[in-house]
Amino acid sequence: MDVIGRSRSMHQSQISVTQWLYTLGQKIVRLFLINCGTHLSCPMSEFAFQWENFNRLLTKSPGENIVTGTVQGQSFDGSACRIWTQLFDCKDGSFILRYKVFNTCSSIKIKVKIKGMELPIFQSEIKGPVYEEECYCPNLSIANWLDSYQCQRNYTQMHRDLAPFPSVDFDKIRENIIKRYDQPTSVSICHYVLKTNRIYRQCYGQYVGFKIFMDAILLSLARKVVLPDIEFFVNLGDWPLVPDKGPLYPVFSWCGSEDTSDIVMPTYDITQSSLEAMGREMLDTLSVQGNTDLPWENKTEQLFWRGRDSRRERLDLIDISREHPELFNVSITNFFFFKDKIDKYGPGQSHVSFFNFFKYKYLLNIDGTVAAYRFPYLLAGDSLVLKQESKYYEFFYKDLTPGIHYVPVKSDLSDLVDKIHWAKEHDEDGLKIAKSARQFARDNLLPRDILCYYTILFHEWRKRLRSKVEVLNNMEEVPQPSHSCRCHLITTNLNHRDEL
């Protein structure tokens, strides 16, 4: 077995991605190393490959137990590190080997075998320290941290969202924002201040439970890198808050729309799954890739969908499916918004594991109350995604191209049947779109990308603030979890800041 290509120095951290290609007979197999729930004090390496013969690239699973992988480490006291490893066969000729450490490791060793033969992996040993997720050991240099994560510097949606706010003086607008959105029964917001890498907030509204998601990403990032001193407001609901008409107030939200001016962040759903990958969350953009069991040619040629009754078009979908039962397997799982329609569209069907969605060739992304937050996971799978046209969007939608990453469907679903027929008649084109969608997810929607987006957003936001950032009266601190670890970085001077 030969390594194909050449190496180049790259810098990765959590979530680091390293790729190798190996020959397996006359085919080439790709292996991606993913570092989950861990942060490193040192750079890693990645390999760039030039494929001379694309026809040799393996495009299907080579079979069970052909590829195996382990990640082992040593602690500073000489004992073995506690490391959890997962190996995913993506069924497209690539494998994902990901790991998570539970205590600080002085070094980590990666071993991969194909048919029992250990591969000569270049730079297979990672010199630490490699810190567990809970360890507070922030990098003092944001520029260094962004380089080590290989973060993008330009985000289409971010620049569009920040353009209306070139200069922000919260001393002039703070009370107006609170007055405008302090509507306890209909709106919930949190007012945050980050000061010397510590987190403070005051929340307004009756339902503020979703503050836990914003708290979690801020705490996690603060353990990895020194965040800038900033002040901002977060919308805890799904609906965007800031209408285009009227005074424009800067509010960070998880979802945007064409008639609002909210500053959009990654949704709480993908944020949580990114932080809790290999933890409390089973569904993330990596686990999806390892749980699509059927190859394209064996998938059922129907459009599959399950979801609750959170939009009228979802009921219309049921009507359409009943007229064309050979094309659809769709059902409402729970009735809340249209309980009076349950006799016609019910009863509610049992839930289906998300991984089982990919047994079907065609999947539908249709809005719920706002954008359907399952979209990233659909893209990461290996089925063809049909997406309803919508005024709602997430942080990455502007980087997608209809016809390249998904098949667009009119908002009223009037052309849905035609689009399914097109897919059935253009099977190779459908497969190409499905592959492009997965590649987009790999390039833009991995946990690393979520952390990068937040960090760049906070630093871009800092450039626009004109008011002094101070912890205000009635704000409470959001403390870091109690955890003991040995940080090998100097973290005493958190007043140090570097510019991008």
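User: How many disulfides does the structure hold?

Analyst: The structure holds five disulfides. This is a predicted model, where local features need pLDDT of at least 70, side-chain atom pairs count only at pLDDT 80 or more, and totals for chains, interfaces and linings use all residues. Residues are numbered from 1 along each chain as its sequence is written, and side-chain values use heavy atoms, with hydrogens and water left out.

User: What makes Cys137 and Cys487 a disulfide?

Analyst: The cut-off is a pair of cysteine sulfur atoms within 2.5 Å. For Cys137 and Cys487, S to S is 2.0 Å. The pair meets the definition.

User: Why is the disulfide of Cys137 and Cys487 called right-handed or left-handed?

Analyst: The torsion about its S-S bond is about 65°, so the disulfide is right-handed.

User: Which parts of the chain does this pair link?

Analyst: Distant ones, 350 residues apart. Cys137 sits in the loop between strand 11 (125–132) and helix 1, and Cys487 in the segment after strand 24 (476–478). Helices (H or I, at least four residues) and strands (E, at least two) are DSSP runs, numbered from the N terminus.

User: Why are helix 1 and helix 11 called roughly parallel or roughly antiparallel?

Analyst: The axes of helix 1 (residues 142–149) and helix 11 (residues 447–464) cross at roughly 155° and come within 11 Å. Axes are lines fitted to C-alpha atoms, for helices over the stretch in contact, and angles run from 0 to 180 degrees between N-to-C directions. Angles over 145 degrees count as roughly antiparallel, under 35 as roughly parallel, 65 to 115 as roughly perpendicular and the rest as oblique. Helix 1 and helix 11 are therefore roughly antiparallel.

User: Which residues make the contact between helix 1 and helix 11?

Analyst: Contact means heavy atoms within 4.5 Å. Helix 1 brings Ile142, Trp145, Leu146 and Tyr149. Helix 11 brings residues including Leu451, Cys452 and Ile456.

User: How do you know that strand 21 pairs with strand 23?

Analyst: Two strands pair if DSSP finds at least two bridges between them. Three bridges join strand 21 (residues 384–388) to strand 23. The pair passes. In one of the bridges, Leu386 has Val407 of strand 23 as its partner.

User: What makes strand 19 and strand 23 the edge strands?

Analyst: The open sheet has five strands in the order 19-18-20-21-23, with parallel pairing. Strand 19 (328–332) and strand 23 (407–409) each pair on one side only. From one strand to the next, the twist averages 25°.
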